[in-house]
Amino acid sequence: MGGDAQRSADISLYEVSLRDGLQNEKGVIATADKKRLLDALVATGLKRIELTSFVSPKWVPQLADAEELAKLALPAPPGIDLSALVPNAKGLERALSVGLGEIAVFLSVSETHNMKNVNKSVGRTMEVFGEIVPPALAAGVRVRAYVSTVWGCPYEGAVDAGRAIDIAVRLSELGCYQISLGDTIGVGNPQQTRDIVKRALAVLPVERIALHLHDTRGTALANILAALDLGVRDFDSAVAGVGGCPYAPGAAGNVATEDLVYMLEGMGMKTGVDLDRLVEAGNVAERILGRPLPGKVHKAGPFRTRPS
Ligand code: HMG
Ligand code: MG
C-alpha cells in the first residue's frame, strides 16, 4: 500500500471527496468550508486524502483555490498524506510551490474521454507524464496515477481492458507507486471487475493496484467485494458519496467512504477509520453543500453486526 502514512490497517482508503467530489459541484465552495471538511476527515483516522487539483482554473473553476487551500492544509498533520491532481508541468510547478508531498497524474484509456478531459491524445498525455513524473520523484514527491474509463467510456462504450492494463504497467515503470483503476462512470459488474483485477495482478504487484469506483449504478460495493476476494486492499472513496466527473456526463460520486467502512469493518477488516466520526464528516459535507448526499450510512447510522 502506498504513501508514507502508517499502514497498520488491513485496508488502505484514499479519500477523494475534496477533489473528485467538489470538482463536480455547480457552485464554488468557500475555501474555509473545504478546510472544515478536511478537518472532519482527518478526525476520522483517514490517512490519505486528496486535497484538490492543480489543473486549469478555466477547466475546473471549483478547484481554482488550490494554492489557498493547500496553504491552510500544509504542513499536513503527522501521519497524513495529502495529494492533488497534476495534469502537466504547470500543475507540477504549482504543487511543488506549496510543498505537497504527493501528486496524482491521470489519463483515460479511451481517446475521446481523454481528449475531453485533458485536451490531448492518450499518447501525448503519456509523453507529458514522461516529462513531469521524473522531476517530481527527484524532488522527493510521491506520484500516484489514475487510469480512467477502464470499465467503460461515456463516449466510446466498451473499453479494451488489456489496453488499460498496458497503460497501468507503463505508469508503474515510470515510477508511480500506485495505479488507481477507475470505473469513471460506474458501469462495472463483479464479473468484469474480477477479469480486470486478474489481468492487473498478472503483471503488477497487488499493492500497486487500487480501485476508484463511481457508484452511478449501485454496483461499487459489489465490485469492491470481488476485488477483495482477489487480494486488492486499496480503495478510493468519497465521504457521503459526493461527486462525479465534469467531463463524464451522468457520473455520480465515488463509493461513499462510510458505506465502504461499514461493510469492511462489519466483515472484520481494519480500516483505521472511526465510523462515528465518518458519519459526522458526512454530515459536515451535507451542511457545506446544502443538500442530502447519496451515502447511506451517514443517514442511517452505524450498527454493530459483530460483538465489540
Ligand atoms: P489546455 O487548454 O490544452 O492547456 O488544457 P494549455 O497547455 O494549452 O494552456 C492553456 C492555458 O491554461 C494557459 O494559460 C496555461 O498557462 C493554462 P494562458 O496562457 O491561456 O493564460 N494552464 C494552467 N493553469 C493552471 N494550472 C495548470 C495549467 N495548465 C495549463 N495546470 C489542461 C489542458 C490539462 C490544463 C486542461 O485540460 C485541464 O486542466 N484539464 C483538467 C480537467 C479535470 O480536472 N478533470 C477532472 C479530473 S479527472 C477525473 O475526474 C477522473 C478521476 O477521478 C478518475 C476516475 O474517476 O476515473 C481522476
Ligand atoms: Mg473519479
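The shell around ligand 1 divides into 12 nonpolar, 11 polar and 6 charged residues, where Ala, Val, Leu, Ile, Met, Phe, Trp, Tyr, Cys and Pro count as nonpolar, Asp, Glu, Lys and Arg as charged, and the others, Gly among them, as polar. The model is predicted, so that local features need pLDDT of at least 70 and side-chain atom pairs count only at pLDDT 80 or more, whereas totals for chains, interfaces and linings use all residues. Residues are numbered from 1 along each chain as its sequence is written, chains are lettered from A and ligands numbered from 1 in the order in which they are written, and side-chain values use heavy atoms, with hydrogens and water left out.

## Ligand 1 and its shell

In total, 29 residues surround ligand 1, and the closest are N88, N117, N119, S148 and T184; a residue is near a molecule or strand if one of its heavy atoms lies within 4 Å of it. Polar pairs involving ligand 1 and the side chains of D20 and H212, as well as the backbone of F54, are set out in the table below, together with pairs inside the protein. A polar contact is a pair of N or O atoms within 3.5 Å; within protein, one must be able to donate a hydrogen and the other to accept it, and residues adjacent in sequence count only if both atoms are side-chain atoms.

| First partner | Second partner | Distance |
|---|---|---|
| Ligand 1, oxygen atom | D20, side-chain N or O atom | 3.1 Å |
| Ligand 1, nitrogen atom | F54, polar backbone atom | 2.9 Å |
| Ligand 1, oxygen atom | H212, side-chain N or O atom | 3.0 Å |
| N114, side chain | S108, backbone nitrogen | 2.9 Å |
| N114, polar side-chain atom | S121, backbone oxygen | 3.4 Å |
| Q178, side chain | D234, side chain | 3.0 Å |

Of the 1,100 Å² of accessible area that ligand 1 has on its own, the protein covers 75%; accessible areas come from the Shrake-Rupley method with a 1.4 Å probe, and for residues only the protein chains shown count as cover. Two or more residues of the shell come from each of the elements α1, α4 (89–98), α5 (111–118) and β5 (142–148), and α4 gives the most, with 3 residues. Helices (H or I, at least four residues) and strands (E, at least two) are DSSP runs, numbered from the N terminus.

## The magnesium site

The magnesium ion (ligand 2) has as its protein donors D20 (OD), H212 (NE2) and H214 (NE2), which lie 2.1 to 2.2 Å from the ion. Donors are N, O and S atoms within 2.8 Å of the metal (3.2 Å for Na, K and Ca), and since water is not among the atoms, sites may look incomplete. Along the chain, the donors follow the spacing D-x191-H-x1-H. Because D20 lies in helix α1 (residues 17–21) and H212 in strand β7 (residues 209–213), the pair ties together parts that are 192 residues apart in sequence. Both D20 and H212 are buried, a term that means under 20% relative accessible area, with exposed over 50% and partly exposed in between (1.4 Å probe, protein chains only).

## Backbone features in the loops

The peptide bond from L74 to P75 is cis, with omega near 0 degrees, and P75 is placed in the loop between α3 (66–73) and β3 (81–85). Two residues other than glycine have a positive phi: T149, near 55 degrees, and A240, at about 65 degrees. T149 lies in the loop between β5 and α7 (161–174) and is buried, with a relative accessible area of 0%. A240 is in the loop between β8 (234–237) and α10 (257–266), and A240 is likewise buried at a relative accessible area of 0%.

## Buried polar and charged side chains

N114, found in helix α5, counts as buried at 1% relative accessibility, and its side chain reaches the backbone nitrogen of S108 at 2.9 Å. Q178, in strand β6 (residues 178–183), is buried with a relative accessible area of 0%, and a polar contact joins its side chain to that of D234. The C-alpha atoms of Q178 and A9, 169 residues apart along the chain, are separated by 17 Å. E258, in helix α10, counts as buried at 0% relative accessibility, and E258 and I165 are 93 residues apart in sequence and 29 Å apart in space, C-alpha to C-alpha.

## Cysteines

The structure holds 0 disulfides, a disulfide being a pair of cysteine sulfur atoms within 2.5 Å. C153 counts as buried at 5% relative accessibility, and C176 is buried with a relative accessible area of 0%.
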